Structure formats: C-alpha cells, structure tokens
Amino acid sequence: MPFEKVKQVAPKVSELVMHSILKAIDTGTIEPGGDLLPERDLAVELGVGRGSLRECLAILEFLGVIESRGNRKVVVKTAESARKALSVVRVAEQEDLGPAFLEFRRFLESAIVPLACERGTAEDFRALHAGVDAMAQDLTDADADRAFHAALARASHNPLFAALLDLADAKLSDLRVRLFRTPGNPEKALAANRALGGAVVARDKRAAKRELDGYLRLVEAFALAEKAGGPWYERKTRPGRLERRHLHLCPRHRG
C-alpha cells in the first residue's frame with residue numbers, strides 16, 4: 001500500500017494526511033508528474049474523511065506540491081517541491097512556535113472575516129449558529145470553538161484560507177483545550193463568538209474586525225500569562241457594540 005494509514009487524532013488529522021502524502025512523494029512511491037488516486041479512493045486508502053483530505057490537498061496546492069487540472073485527478077509536481085513543503089511542515093512541528101502561530105492565526109482570520117461578511121451564505125450562517133449553540137451546550141468543549149472558527153473560514157469561500165487556518169488551529173489545539181478548562185474563559189469566548197457571528201451575519205465588516213480582535217486578545221492574553229507562569233489575566237478591552245446587541249444571532253438570518 002503506497003500510503004500510511006492516518007491515526008485519527010483530531011484536530012490534527014489534516015496535518016497527518018499531509019505527512020503521509022509528502023512521504024509517499026519523497027520516497028518515490030508516487031512518481032513526479034504522476035496522478036494521485038481519485039479523492040474518494042485516496043480518502044479510503046489513507047483511512048480519513050474526505051473533508052480532512054480536501055483541507056490537506058488545499059495546503060499542498062498552496063505550497064506548490066500539487067495542482068488541479070479541471071475535474072481531473074490531483075497531479076503531483078516535483079520531488080523538489082515536496083521536499084520544500086516538508087521543510088515547511090517540519091518548521092511547523094517545532095514546539096516553540098506557539099507565538100508565531102498565534103500571530104499567523106491573527107493574520108489569517110483578519111483576512112477571513114471581511115470575506116465572510118461579503119460572501120457568507122444562509123448555509124454558512126447556519127453553520128455559525130450551530131457552532132455557537134454547541135459552545136453554549138457544553139462550555140468546556142474546546143472543539144466547538146474550533147468548529148465555529150472553521151465555519152467562519154469556510155464562509156470566506158477561499159479554500160486556502162480555510163486549510164491554512166486548520167493547520168494553525170492544529171498547532172494551537174492544546175492551548176485551546178487549556179483555555180477552555182480555565183474558569184471564566186469559556187463564557188468569555190462564547191460571548192465573543194456570538195458577537196463576532198452576529199457582526200458577520202449583519203455583514204458589518206468594521207464591527208466584525210473589532211469583535212475578532214476582542215476574541216483573539218482573550219486567547220493571546222491567556223497564552224502570554226501561561227508563558228509567564230502567572231495567573232491568567234485578560235487585557236482590558238472596550239466591549240464592542242455588537243457584544244451587547246448580538247448575544248444571540250438574529251433569528252431572521254437562520255435561513
């Protein structure tokens with residue numbers, strides 16, 4: 001079998017899928033210029049869902065390892081491209097890059113939010129509602145927070161942004177879990193996501209950026225306090241208007 005089966009370790013599945021494909025390229029199992037298996041067959045061989053596979057393929061395409069030719073199979077480029085991509089993945093695996101990934105995530109979501117305001121559909125808004133509802137049902141469920149921000153990325157309708165945010169989130173997953181286990185943080189994150197979702201549904205870019213900044217400050221302050229070894233603290237921020245107005249997303253946008 002040309003590919004190693006991927007161990008289902010959410011939310012790092014797409015990262016592991018990328019490792020398996022890159023290893024197959026680097027070892028010559030897949031020849032440069034050869035076609036990958038059709039998406040359905042490749043997902044079965046790797047033992048993953050097609051959603052995780054698509055996220056991985058989008059990252060590899062962004063890195064120049066593969067390309068899509070219409071509706072044909074995904075085509076592998078060169079082994080040199082694979083080696084360059086592997087170097088990017090190996091850098092991402094370094095344990096001391098937490099601050100860099102927080103900065104990277106801020107950059108990505110700052111680009112995602114205005115696009116979500118412009119391009120979001122009724123289906124996208126329902127996914128945002130579902131993410132907020134899941135958080136409200138279990139305040140300690142860090143994965144519900146991840147799902148909300150993944151839905152926000154998908155609402156941008158730019159698959160590269162969605163895939164790269166998934167990569168960043170995979171590297172920050174442990175931090176997110178610890179944040180949601182700290183008393184008081186889940187409630188703040190829920191309120192922030194409700195406000196952010198409400199701004200996106202209202203297609204208010206300025207407010208959405210402000211609410212995103214409030215959410216990211218919450219996460220970044222927690223990370224900074226952890227690094228300092230002291231108690232968690234939150235930087236003071238002025239409450240945004242939508243934090244008061246949109247604690248529940250407007251029902252008329254539920255589609």
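Okay, R203: this residue is partly exposed, at 41% relative accessibility. You'll find R203 in the loop between α10, residues 185-201, and α11. What's odd about R203 is its backbone: phi is positive, about 60 degrees, although R203 is not a glycine. For context, most residues other than glycine have a negative phi. Keep in mind that what we're looking at is a predicted model.

R203 has company. H157 also shows a positive phi, of about 55 degrees, and H157 is not a glycine either. That one sits in the loop between α7 and α8. With 44% relative accessibility, H157 counts as partly exposed.

Now look at S156, in that loop between α7 and α8, where α8 covers 159-171. Is S156 buried or exposed? It's buried, with a relative accessible area of 0%. And which residues does S156 touch, if we leave aside its neighbours within four places in sequence? Those are I112, L115, A116, R119 and F161.

Let me zoom out for a moment. The chain has twelve helices and two strands. If you walk from the N terminus, you go through three helices, then the two strands, then helices for the rest of the way. There are 255 residues in the chain, and 46% of them count as buried. The chain exposes about 12900 Å², with carbon and sulfur atoms supplying 53% of that area. Here's one about the fold: take the contacts in the chain with a separation of 6 or more, and 73% of them are between residues 24 or more positions apart.

Next, a helix pair. Find α6, residues 122-137, and α7, residues 142-155: their axes come within 8 Å and cross at roughly 170 degrees. So how do the two helices run relative to each other, parallel or antiparallel? That angle makes α6 roughly antiparallel to α7. On the α6 side, the contact is made by D124, A127, L128, G131, V132, A134 and M135. On the α7 side, the residues are A144, D145, F148, A151, L152, R154 and A155. Sort the residues of this contact by class and you get ten nonpolar, one polar and three charged.

Okay, salt bridges. How many does the structure hold? Eleven. The general idea is simple: side chains of opposite charge can pair when their charged atoms come close. I'll show you a few.

Start with D213 and R106, whose side chains meet in a salt bridge at 2.8 Å, N to O. D213 is in helix α11, residues 205-228, and R106 is in helix α5, residues 98-119, so this pair ties together parts that are 107 residues apart in sequence. D213 is partly exposed at 25% relative accessibility, and R106 is partly exposed too, with a relative accessible area of 24%.

Stay on R106, since there's another partner to see. E220 forms a salt bridge with R106, and the closest N and O atoms are 2.9 Å apart. Again this links distant parts of the chain, with E220 in helix α11 and R106 in helix α5, 114 residues apart. Why does E220 count as buried? Because its relative accessible area is 15%, and the cut-off for buried is under 20%.

One more pair between those helices: K205 and E118 form a salt bridge, with the closest N and O atoms 2.3 Å apart. K205 belongs to helix α11 and E118 to helix α5, and they're 87 residues apart. K205 counts as partly exposed at 34% relative accessibility, and E118 does as well, at 46%.

Then there's a network. Which residues does it join? Through salt bridges that share partners, R105, E109, D145, D169 and R176 end up in one network. You've met D145 already, among the α7 residues that make the contact with α6.

So if you want places to click on, try R106 with its partners D213 and E220, then S156, buried in its loop. After that, go and find H157 and R203 with their positive phi. That's it from me!

Methods
Residues numbered from 1 in each chain as written. Predicted model: local features only at pLDDT ≥ 70, side-chain atom pairs only at ≥ 80, totals over all residues. Heavy atoms only, no water. Axes fitted to C-alpha atoms, helices over the stretch in contact; angles between N-to-C directions. Helix = DSSP H or I, 4+ residues; strand = E, 2+ residues; numbered from the N terminus. Parallel < 35°, antiparallel > 145°, perpendicular 65-115°, else oblique. Contact = heavy atoms within 4.5 Å. Nonpolar A, V, L, I, M, F, W, Y, C, P; charged D, E, K, R; others polar. Buried < 20%, exposed > 50% of the residue type's maximum accessible area, 1.4 Å probe, protein only. Areas by Shrake-Rupley, 256 points an atom, 1.4 Å probe, with all protein chains shown as cover. Salt bridge = Lys/Arg side-chain N within 4 Å of Asp/Glu carboxyl O.
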